[in-house]
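Subject: Handover of a structure

Dear colleague,

Please find below the structure that I am handing over to you. I would ask you to keep it open while you read the notes that follow.

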Amino acid sequence: MKLITFLCAINLLTACQGKPNNDFTVKGTVKNYTESISLYQFKTFKEQPKFIAKIQPSSKGDFSYSLKTKEEGVYFLLAEENKNYFAFFVNDTSIISINVD
C-alpha cells in the first residue's frame with residue numbers, strides 16, 4: 001500500500017510540472033540571396049503546411065527569427081523568389097543554424 005501511495009505521489013509531482021518550452025530561434029545565411037524567406041510548419045501530412053512568418057534577410061543574406069511554441073514540430077524554409085524549399089528542421093534545440101551556399 002505504501003508503494004502505491006508513493007507511486008501516486010511521484011506521478012502527481014511530475015504531472016504538475018509545466019509543459020516543456022520549445023521556443024527556438026532559426027538563424028543563418030543564404031549566400032547571394034536577399035529576397036523574402038517564408039517559414040512554414042508541417043502539422044500532419046494530410047493538412048497544408050501552416051504559414052508562420054516571412055523573414056527578410058539582410059543585404060549579406062543573414063537572417064534570424066524567433067518563435068514561441070509549446071511543442072516540437074517539423075518546419076521548413078521556402079525561398080519566395082523561386083518557391084524552392086531549402087531547409088527542413090525540427091525545433092529540438094533552442095538555436096537552429098542554417099547556412100546555404
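Two strands pair if DSSP finds at least two bridges between them. Helices (H or I, at least four residues) and strands (E, at least two) are DSSP runs, numbered from the N terminus. This is a predicted model, in which local features need pLDDT of at least 70 and side-chain atom pairs count only at pLDDT 80 or more, while totals for chains, interfaces and linings use all residues. Residues are numbered from 1 along each chain as its sequence is written, and side-chain values use heavy atoms, with hydrogens and water left out.

Confidence

The predictor's confidence in each residue is given as pLDDT, from 0 to 100. Its average over the protein chain is 82, and 80% of the residues score at least 70. Over residues 1-18, pLDDT stays under 50, and the model has zero contacts (heavy atoms within 4.5 Å) beyond four places in sequence for them.

The chain as a whole

The protein chain has one helix and seven strands, in the order α-β-β-β-β-β-β-β from the N terminus on. Of its 101 residues, 33% are buried; buried means under 20% relative accessible area, exposed over 50%, and partly exposed in between (1.4 Å probe, protein chains only). Among the contacts with a separation of 6 or more, 57% are between residues 24 or more positions apart.

The sheet of four strands

One open sheet has four strands in the order E3-E2-E5-E6, and the pairing is antiparallel. Its edge strands are E3 (50-55) and E6 (84-90), each of which pairs on one side only. From one strand to the next, the twist averages 25 degrees; axes are lines fitted to C-alpha atoms, for helices over the stretch in contact, and angles run from 0 to 180 degrees between N-to-C directions. Strand E2 (residues 37-42) runs antiparallel to E3 and is joined to E3 by five bridges. Gln41 has Lys50 as its bridge partner in E3.

The sheet of three strands

The other sheet to describe is an open one of three strands, in the order E4-E1-E7, with mixed pairing. E4 and E7 are the edge strands, each pairing on one side only. Here the twist averages 15 degrees from one strand to the next. E1 and E7 run parallel and are joined by six bridges; Lys27 has Ser97 as its bridge partner in E7, and Thr25 has Ile95. E1 and E4 run antiparallel, again with six bridges, and Val26 stands opposite Tyr65 in E4. E1 is largely enclosed by the rest of the structure, because five of its seven residues are buried.

The nonpolar core

A nonpolar core is a set of buried Ala, Val, Leu, Ile, Met, Phe, Trp, Tyr and Cys residues joined through side-chain atoms within 4.5 Å. The largest one has 18 residues, and those with the most contacts inside it are Val26, Phe63, Leu77, Phe89 and Ile98. The elements that give two or more residues to this core are E1 (24-30), E2, E3, E4 (62-67), E5 (74-79), E6 and E7 (95-100). What does Val26 touch beyond its neighbours within four places in sequence? Val26 is in contact with Phe63, Ser64, Tyr65, Leu77, Phe89, Ile96 and Ile98.

Yours sincerely
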